Amino acid sequence: MNIIRRIAFGLLSLTIVTLPLSAEHTEKVSATYTYVAPENLTVAQAKEIALERAKNEAIADKFGTLINQSNSTLMSNADGKSMVDFYSLSSSDIKGEWIETLGEPQYEVSYDKDMLVVKVTVEGRAREIVSAGINLDVKLMRTIAGGKKAVSTDFQSGDDLFLQFSTPQSGYLAVYLLDKNSAYCLLPYMRDESGKVAVKANKKYLFFSPADALPEEKTFVDEYTMTCDGSAESNKVYVIFSPNMFIKANDNAGSEVNGLTLPRELSYKDFNKWLSKNRLHDAQMTVVMQNITIKK
């Protein structure tokens with residue numbers, strides 16, 4: 001993965017919203033999950049899906065699931081005859097959130113009649129969800145023809161990246177991009193020495209775009225361009241929000257690649273330690289994760 005500032009980087013659309021809680025108590029959980037992948041997935045993609053499902057299963061086993069059901073009645077009239085249709089819709093959500101992974105997940109990869117099978121065992125700490133979360137609006141965007149912007153998590157090499165964000169509650173924001181080994185700080189911007197980004201309630205932001213920044217912010221804005229070394233790459237973007245003030249992780253100055261500067265970075269392990277610590281001490285911290293793919 002390459003990340004450059006005018007910053008270029010190589011980084012399905014899956015969005016996971018981790019809901020804030022009113023309690024800090026965590027429980028140790030574990031699960032083993034076997035995933036039979038469709039033929040269009042790579043081993044890496046199948047392992048990621050298996051791991052997320054194992055985490056969800058561990059949480060559900062410990063805290064259960066929340067079932068929501070809504071009923072509706074539809075009345076219609078045809079040829080003088082009245083008809084009444086009754087609909088019942090239900091959905092379920094796990095009643096907890098994953099806080100940290102303990103040790104390394106253990107994978108077994110095999111093939112059954114040419115079908116990719118991934119078995120994973122994971123152990124970690126989770127916390128029960130006891131209240132509704134903050135309803136954030138998070139959209140990743142890319143450039144399209146004519147310089148316009150479109151919501152997308154699928155990028156072509158050379159596309160610019162933008163983040164559209166709004167919150168019903170004022171607070172603080174940080175954004176990171178993760179690959180297998182490193183976490184890159186996309187927000188706060190590189191030249192912002194405060195270590196935090198304050199956002200106001202009910203205001204729509206478009207980050208990584210100088211044209212949409214306030215006059216006093218234009219000199220701080222970093223721009224990001226997607227690049228891809230291979231045929232395709234997959235990475236994660238973490239959007240982290242809290243109504244309580246927090247400071248970005250302690251990271252290192254970005255290095256240079258082909259004369260272009262990379263964003264500040266820290267190891268994947270250190271990022272997870274920082275995030276876990278903040279979430280343990282801040283029950284209102286909300287995390288939105290989106291998987292991104294980039295193709296040549």
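Trainee: Does Lys 28 count as buried, exposed or partly exposed, and what is the reason?
Mentor: In this predicted model, the relative accessibility of Lys 28 is 49%. Buried requires a value under 20% and exposed a value over 50%. Because 49% falls in between, Lys 28 counts as partly exposed.

Trainee: Which residue meets the side chain of Lys 28 in a salt bridge?
Mentor: The two side chains come to 3.9 Å, taken from N to O. The pair links distant parts of the chain, with Lys 28 in strand 3 (residues 27-36) and its partner in strand 8 (residues 115-128), 95 residues apart. At 35% relative accessibility, this partner is partly exposed. The residue that meets Lys 28 is Glu 123.

Trainee: What is the N to O distance in the salt bridge between Arg 127 and Glu 97?
Mentor: Arg 127 belongs to strand 8 and Glu 97 to strand 6 (residues 96-101), so the salt bridge links parts of the chain that are 30 residues apart. Both Arg 127 and Glu 97 are buried. Their side chains meet with an N to O distance of 2.9 Å.

Trainee: Which residue is linked with Glu 97 and Arg 127 in a network of salt bridges?
Mentor: The whole structure contains 11 salt bridges. The pair of Arg 127 and Glu 97 is itself a salt bridge. The network that links these two also includes Arg 279.

Trainee: How many residues apart in sequence are the parts that Arg 264 and Asp 251 tie together?
Mentor: The side chains of Arg 264 and Asp 251 meet in a salt bridge of 3.3 Å, N to O. Arg 264 is buried, with a relative accessible area of 8%, and Asp 251 is buried at 12%. Arg 264 lies in the loop between strand 20 (260-261) and strand 21 (265-267), and Asp 251 in the loop between strand 18 and strand 19 (256-257), so the parts tied together are separated in sequence by 13 residues.

Trainee: Which residues touch the most other members of the largest nonpolar core?
Mentor: This core holds 31 residues. Among the elements that give two or more residues to the core are strand 12 (160-166), strand 16 (205-207) and strand 18 (232-242). Apart from it lies another core, of 20 residues, including Val 29 and Ala 50. In the largest core, the residues that touch the most other members are Leu 163, Phe 165, Phe 207, Phe 208 and Val 239.

Trainee: Which residues does Val 239 touch, not counting residues up to four places away in sequence?
Mentor: Val 239 is one of the residues that touch the most other members of the largest nonpolar core. With residues up to four places away left out, Val 239 touches Val 138, Leu 163, Phe 165, Leu 173, Ala 174, Val 175, Thr 286, Val 287 and Val 288.

Trainee: The backbone oxygen of which residue lies 2.8 Å from a polar atom of the side chain of Ser 152?
Mentor: Ser 152 is found in the loop between strand 10 (149-151) and strand 11 (154-156), and at 14% relative accessibility it counts as buried. Leaving aside neighbours within four places in sequence, Ser 152 is in contact with Leu 140, Met 141 and Arg 142. The backbone oxygen 2.8 Å from its side chain is that of Asp 154.

Trainee: What distance separates the C-alpha atoms of Asp 229 and Lys 295?
Mentor: Asp 229 is found in the loop between strand 17 and strand 18 and is partly exposed, at 47% relative accessibility. Asp 229 and Lys 295 are 66 residues apart along the chain, and their C-alpha atoms are separated by 9.0 Å.

Technical notes. Residues are numbered from 1 along each chain as its sequence is written. This is a predicted model: local features need pLDDT of at least 70, side-chain atom pairs count only at pLDDT 80 or more; totals for chains, interfaces and linings use all residues. Side-chain values use heavy atoms; hydrogens and water are left out. A nonpolar core is a set of buried Ala, Val, Leu, Ile, Met, Phe, Trp, Tyr and Cys residues joined through side-chain atoms within 4.5 Å. Buried means under 20% relative accessible area, exposed over 50%, partly exposed in between (1.4 Å probe, protein chains only). Helices (H or I, at least four residues) and strands (E, at least two) are DSSP runs, numbered from the N terminus. Contact means heavy atoms within 4.5 Å. A salt bridge is a side-chain nitrogen of Lys or Arg within 4 Å of a carboxyl oxygen of Asp or Glu. A polar contact is a pair of N or O atoms within 3.5 Å; within protein, one must be able to donate a hydrogen and the other to accept it, and residues adjacent in sequence count only if both atoms are side-chain atoms.
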